[in-house]
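This briefing goes through one protein model, topic by topic. Keep the sequence and the 3D view open while reading.

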Amino acid sequence: MERSNSDIKRLIAESYDRIAQGYLEWRAEQHKEGAEAWVSILRQHAGAQLRVLDVGCGAGIPLTKALAEISDVTGLDISAHQIDLARRNVPNARFIHGDIVDADFPPQSFDAVVGSYSFIHIPRAERQDLFRKIAGWLRPGGLLLANFGIGNMEVDYEEDLLGVPMFWSSFDSEGERSAMAAAGFELIFDKIETEIEDGQPHRWLIVLARTKRDSPATTLDTRGPVDWARRPRRLRRSHSDSPRGGGLARGTRQSAMALLVYGLRREHPPATAGT
Ligand SMILES: C[S@@+](CC[C@H](N)C(=O)[O-])C[C@H]1O[C@@H](n2cnc3c(N)ncnc32)[C@H](O)[C@@H]1O
């Protein structure tokens, strides 16, 4: 069986539909990145009363809710159940159900775009085009604040994340920066932060970037064949570098051989060494 990117998106949407409430509770237990720090970064670099797009907003807690207290927020999520919860949790924001990759907004619709633990689910081959689209939705000098995995795996699949299958994809830090730069962003800062998930350390790349005012986006020549045979036989979660691949993972990891059937198109080269 082959899985296209749209099959993967369906899998992610259905899985989050099933675990929306459970994920929210798990997230609260883990003391993951809170909303205050992100709100404060946006305030510091762009002020208040912003027009913000929250990509993969989930159930809207904590980030969408906190942003909606100071800004005009649009939340977007591929999971219908997440969007239902978000509408209830954050009545003063507007929400859109859909895949961010298919989304379309008029130019300069937003002052900031945020993505909290959401870009990790977007196949990295789609990331550069997505960054370019996001750059167009932002006003000149608009901000992108997001976190990313640094595990450098194009396909990472878990059979049992809180009882459902899940997919992630990541560059390493340098790969993520390159994709953003090629899409017309300039880095304001990036930093690697360690969080403890289910007792295991996980490192995340947090990036704040802004659209350049004058340089057109460039295109990386990143196409090349996938050498699936070189994949490790045993998967580790790519969206962080936990030594035991812990975190959300609670079930059996699928072997790399099983992922051969995914047949994802390879559009990016192996990323360079991480930081
Ligand atoms: C790990 S949750 C994070 C939710 C929330 N941002 C938070 O900080 O808790 C990831 C969210 O991204 C959404 N998502 C994944 N892929 C997406 C896509 N292609 N377009 C829109 N949303 C997506 C999922 O449905 C899920 O709600």
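Which element gives the largest share of the shell around the ligand? Helix 1 does, with four residues. The model is predicted, and its protein chain has seven helices and nine strands. The points below start at the ligand and then move through the sheet, the hairpin, the helices and the core.

**The shell around the ligand**

- The ligand is surrounded by 21 residues. The closest are Gly56, Gly58, Ser116, Ser118 and His121.
- Two elements, helix 1 and strand 2 (72-77), give two or more residues to this shell.
- Sorted by class, the shell around the ligand holds 10 nonpolar, seven polar and four charged residues.

**Helix 1 and helix 4**

- Two packed helices are described by the angle between their axes and the distance between the axes.
- For helix 1 (residues 5-30) and helix 4 (residues 80-89), the angle is about 35 degrees and the axes are 7 Å apart.
- On the helix 1 side, the residues that meet helix 4 are Tyr16, Asp17 and Ala20. On the helix 4 side, they are Ala80, His81, Gln82 and Leu85.
- The contact of helix 1 with helix 4 has four nonpolar residues, two polar ones and one charged one.

**The open sheet**

- Strands of a sheet pair through backbone hydrogen bonds, either parallel or antiparallel.
- Seven strands form an open sheet here, in the order 3-2-1-4-5-9-8, and the pairing is mixed.
- Why is one side of strand 3 (94-97) and of strand 8 (185-197) left without a neighbour in the sheet? Both strands stand at the edges and each has a single partner strand, so one side of each has no neighbour there.
- From one strand to the next, the twist averages 15 degrees.
- Strand 2 and strand 3 run parallel and are joined by four bridges. One bridge pairs Asp77 with His97 in strand 3.

**The hairpin of strand 6 and strand 7**

- Strand 6 (residues 153-161) and strand 7 (residues 164-170) pair in the antiparallel sense, over five bridges.
- Among the bridge partners, Glu158 is matched with Met166 in strand 7, and Leu161 is matched with Val164 in strand 7.
- The hairpin has two residues between the strands, and Leu162 takes a positive phi near 50 degrees.
- Strand 6 is largely enclosed by the rest of the structure, because seven of its nine residues are buried.
- Strand 7 is mostly covered, with five of its seven residues buried.

**Helix 5 and helix 6**

- Which strands does helix 5 (residues 127-137) lie across? They are strand 1 (51-55), strand 4 (110-115), strand 5 (138-148), strand 8 and strand 9 (200-211). Helix 5 runs at about 140 degrees to strand 5.
- In helix 6 (residues 173-182), the buried residues include Ser173, Gly175, Glu176, Ala179 and Met180.
- The buried residues of helix 6 pack against helix 5, strand 5, strand 8 and strand 9.
- Gly184, just after helix 6, takes a positive phi of about 100 degrees.

**Thr211 in strand 9**

- Thr211 lies in strand 9. Is Thr211 buried or exposed? Thr211 counts as buried because 24 other C-beta atoms lie within 10 Å, and the cut-off for a buried residue is 20 or more.
- Leaving aside neighbours within four places in sequence, the contacts of Thr211 are Ala135, Leu138, Pro140, Gly141, Gly142, Gly184 and Phe185.
- Thr211 and Arg132 are 79 residues apart in sequence, and their C-alpha atoms are 9.7 Å apart in space.

**Core and chain totals**

- The protein chain has 275 residues, and buried residues make up 44% of them.
- The largest nonpolar core has 63 residues. Those with the most contacts inside this core are Ala112, Val113, Val114, Phe131, Leu144, Leu145 and Phe148.
- What is Val113 in contact with, leaving aside its neighbours within four places in sequence? Its contacts are Leu53, Val55, Ile134, Trp137, Leu138 and Leu144.
- Of the contacts in the protein chain between residues at least 6 apart in sequence, 73% join residues at least 24 apart.

Definitions and conventions
Residues numbered from 1 in each chain as written. Predicted model: local features only at pLDDT ≥ 70, side-chain atom pairs only at ≥ 80, totals over all residues. Axes fitted to C-alpha atoms, helices over the stretch in contact; angles between N-to-C directions. Contact = placed C-beta atoms within 7 Å. Nonpolar A, V, L, I, M, F, W, Y, C, P; charged D, E, K, R; others polar. Near = placed C-beta within 6 Å. Pairing = 2+ DSSP bridges. Buried ≥ 20, exposed ≤ 12 C-beta atoms within 10 Å, placed from the backbone. Core = buried A, V, L, I, M, F, W, Y, C linked by C-beta atoms within 7 Å.
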